[in-house]
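Student: I'd like a close look at one single part of this model. Pick a spot and stay with it, please.

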Amino acid sequence: MDNLIHDLKTERQNISEGLPSAYKLVPVTFYVVSVATVFLSLFFYLSKKAYQSTEDSMRERLTQAQTQQSGFTAQQNAISQESMKAEGIAKWLEGSRPLQPVTVAIGRSMGKDSTVAELSLDRNPEIPAHTLMQLKIDGGGSQQIENTLNAIYALDYQTYSAQQVKGRNSTDFQATLIYADR
Amino acid sequence: MKNHQSACFVLVILITGMLYGVNELRNVTNEARDITAQVRTEAETAEQQAQLAQIQLKSLEAKTADHRAGYAQWKPHFANYRTAQDAEQRIAEVIRESDVFLISQKFETKEIEKGAMISDALVAHLVVEDDYAKTLNWLGRVEEAIPSSRISRCNIKRGDRGNDIHLELKVQIPVLPE
C-alpha cells in the first residue's frame, strides 16, 4: 500500500508523518475512480454518439414517413373531390337519359288505325330520372296501348302509376317512366 | 491542516468532481437514449400511419374507380359549357345544322340546385314545327350533340300541315364555371 501511495513521489526525505491508515483509502479511491471515470466516460460518450446517430436516422424515417403520409392524404383528398364531382355528374346523367328513343318508339308502335294526338314527357323536378308520360292516342284502343307499352318496355323502361281513360275515339294514357338498368 | 490532510482533501474534491462529471455524462446519455426511443416510437407510428394512409388510398381508388372513369369520360362534355353563352351558341348551331323550322326560342339561366356540383344551367325553351321524321331526328341530334343536356319537357302534337309535328322542348344545359 505504501508503494502504491508513494509511487508518484520522487525520493525525498520525509518531512512529515506518514498518512494515517484511514486516509490511505482516499488515494486508492482516487486511482480507482480515475480509471473508472476514463472507461465510463468513454462508454457513455460512445453510447451517446450511437444514440444520436440512431436518433438522426429515426428522424429521417419520421420525416420520410410524414412526407409519404401527407402525399397519400393529399391524393386521397384529390380522389375524394373528384369522386364527389363524379357523383354529381352521375346524378345529373341519371336524370338525363335521352327521350328521343321513347318518342320514336311510341311513334313506331302505332298501328294502321292509330295516331298519336299528343305526347308529353315531363321530368319530375325533384327526381329527374322519373318521367311523367302523357299520351293521347286516336283510335286503336287498349290493344294499341299494349303495343305502345311493349315498345317502351323494349327500351328498358318500366311504367308506374299507369292510368288509362278511354274516350269515344281516343285513349288517354299516363304513367311514370323509370329506366330499369339491367 | 497538515499537508497530507490537504492533499486528501484535494483528492476527495477531485473524486467528487469526477463522479459528478461521469454522472452528468450518464444523465446526458440517458437523455439521448430516451429521446432516441421517443423519436423511434414517433417514426414507427408515422410509418404505420403512412401505411394505413396508403391502404386507405388504394381502397378509395378501387372503390371510386368506376365513378372516376365515368367522370373522366364525361368531363369534356361538361367542360364545353363554361358560360351560358357557350351553351346558347351550341343550341343555335344544332338548330342551324338541322335546318328545322324554329317557331320560337327563349333562353334563361336558372339555378338548378344550390351548392350542388351542377348548380346552374341554361334553360332553352324551343318550339319547332316541321316534318315528323325531320323533327324527331333533330330531337335526337340535340341529345347527341349536347350529351350533357337534359330534356326536362318534351311535348309533341300534330302540326298544322299534313306530316308536320309541333314540338315544344325545354332543354337544360349545365353550366360549369372553371
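Tutor: Let's take the side of chain B that touches chain A: 59 residues of chain B are in contact with 60 residues of chain A (contact means C-beta atoms, placed from the backbone, within 7 Å). Three elements of chain B, namely α1 (3–79), α3 (132–145) and β3 (150–158), each put at least two residues into that side (helices are DSSP runs of H or I with at least four residues, strands E runs of at least two, numbered from the N terminus). α1(B) gives the most, with 40 residues. By type, the residues on this side of chain B split into 31 nonpolar, 15 polar and 13 charged (Ala, Val, Leu, Ile, Met, Phe, Trp, Tyr, Cys and Pro are nonpolar, Asp, Glu, Lys and Arg charged, and the others, Gly among them, polar).

Some housekeeping before we zoom in. This is a predicted model, where local features need pLDDT of at least 70 and side-chain atom pairs count only at pLDDT 80 or more, while totals for chains, interfaces and linings use all residues. Residues are numbered from 1 along each chain as its sequence is written, and chains are lettered from A and ligands numbered from 1 in the order in which they are written.

Now for α1(B) itself. This helix runs to 77 residues, yet its end C-alpha atoms sit only 99 Å apart, short of the 114 Å that a straight helix would reach at 1.5 Å a residue (the expected span is 1.5 Å times one less than the residue count). Follow the helix along and you come to a kink of about 60°, centred on A65(B) (the bend is the angle between axes fitted to the seven residues ending there and the seven starting there). Buried residues of α1(B) include C8(B), T29(B), T36(B), V39(B), A43(B), Y71(B) and F78(B) (buried means 20 or more other C-beta atoms within 10 Å). Part of their cover comes from the other chain: α2 (25–94) of chain A is included in it, together with β4 (164–175) of chain B.

Next, β3(B), where the two chains also share strand pairing. Strand β1 (residues 115–123) of chain A runs antiparallel to β3(B), and five bridges join the two (strands pair if DSSP finds at least two bridges between them). If you want to trace the register, put L119(A) opposite I156(B), then S120(A) opposite N155(B). β3(B) has a partner within its own chain too: eight bridges tie it to β4(B), again antiparallel. One of these pairs C154(B) with L169(B). The turn is easy to find, as β3(B) and β4(B) form a hairpin with five residues between them.

Finally, the nonpolar packing. The largest nonpolar core has 45 residues, and L135(A), L122(B), V171(B), I173(B) and V175(B) have the most contacts inside it (a core is a set of buried Ala, Val, Leu, Ile, Met, Phe, Trp, Tyr and Cys residues joined through C-beta atoms within 7 Å). A second, separate core of eight residues draws on both chains, including L62(A), V39(B), A43(B) and A53(B). V39(B), A43(B) and A53(B) are also on the list of buried residues of α1(B). Back in the 45-residue core, L122(B) makes contact with F107(B), I173(B) and V175(B), among others, once neighbours within four places in sequence are set aside.

Definitions and conventions:
A residue is buried if 20 or more other C-beta atoms lie within 10 Å of its own, exposed if 12 or fewer, and partly exposed in between; C-beta atoms are placed from the backbone. Two residues are in contact if their C-beta atoms, placed from the backbone, lie within 7 Å.
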